[in-house]
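This briefing sets out the fold of one protein chain for a reader at the bench. Please consult the sequence and the structure below while reading the points that follow.

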Amino acid sequence: MKHLSNIEECPKCGGRELGRGKQNGYAVMLPINKAMSFGSEVEHIICTSCGYIVESYVKKPGKFKGTMK
Ligand SMILES: [Zn+2]
């Protein structure tokens, strides 16, 4: 899935140099009540000035359906 963010500056410091990072390996987001699931990588939009995480996405949001029950 391709995310198009319209955020162009950091809401905390006003910095306009945003970067993208991803977490994988042991930092995956796991569905909370699906013990045998592999979870999903997490991708972040990060302010490169102050380090604030502006947005976060899981790569496979469908894995989290039903976890609020
Ligand atoms: Zn910032």
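Two strands are taken to pair if DSSP finds at least two bridges between them, and a strand is a DSSP run (E) of at least two residues, numbered from the N terminus. The model described here is predicted. Its protein chain holds three strands and zero helices, and these strands make up an open, antiparallel sheet.

**Overall architecture**

- Read from the N terminus, the elements of the protein chain follow the pattern β-β-β.
- Within the open sheet, the strands are arranged in the order β1-β2-β3, with antiparallel pairing.
- The edge positions belong to β1 (18-23) and β3 (53-58), each of which pairs on one side only.
- From one strand to the next, the twist averages 20°.
- In general, the strands of a sheet pair through backbone hydrogen bonds, in either a parallel or an antiparallel manner.

**Pairing of β1 with β2**

- Strand β2 covers residues 42-47 and is joined to β1 by six bridges in the antiparallel sense.
- Cys47 in β2 is the residue opposite Leu18.
- Ile45, also in β2, stands opposite Arg20.

**Pairing of β2 with β3 and their hairpin**

- Five bridges link β2 and β3, again in the antiparallel sense.
- Glu43 has Tyr57 in β3 as its bridge partner.
- The hairpin formed by β2 and β3 has five residues between the strands.
- In this hairpin, Gly51 adopts a positive phi near 90°.

**Burial and contacts**

- A residue is counted as buried if 20 or more other C-beta atoms lie within 10 Å of its own.
- The protein chain has 69 residues, of which 4% count as buried.
- Strand β1 lies largely in the open, because the number of buried residues among its six is zero.
- Among contacts in the protein chain with a separation of 6 or more, 50% are accounted for by residues 24 or more positions apart.

**Points to retain**

- The predicted model presents a three-stranded open sheet without helices.
- Strand β2 pairs with β1 over six bridges and with β3 over five bridges.

Conventions. Residues are numbered from 1 along each chain as its sequence is written. This is a predicted model: local features need pLDDT of at least 70, side-chain atom pairs count only at pLDDT 80 or more; totals for chains, interfaces and linings use all residues. Helices (H or I, at least four residues) and strands (E, at least two) are DSSP runs, numbered from the N terminus. Axes are lines fitted to C-alpha atoms, for helices over the stretch in contact, and angles run from 0 to 180 degrees between N-to-C directions. A residue is buried if 20 or more other C-beta atoms lie within 10 Å of its own, exposed if 12 or fewer, and partly exposed in between; C-beta atoms are placed from the backbone. Two residues are in contact if their C-beta atoms, placed from the backbone, lie within 7 Å.
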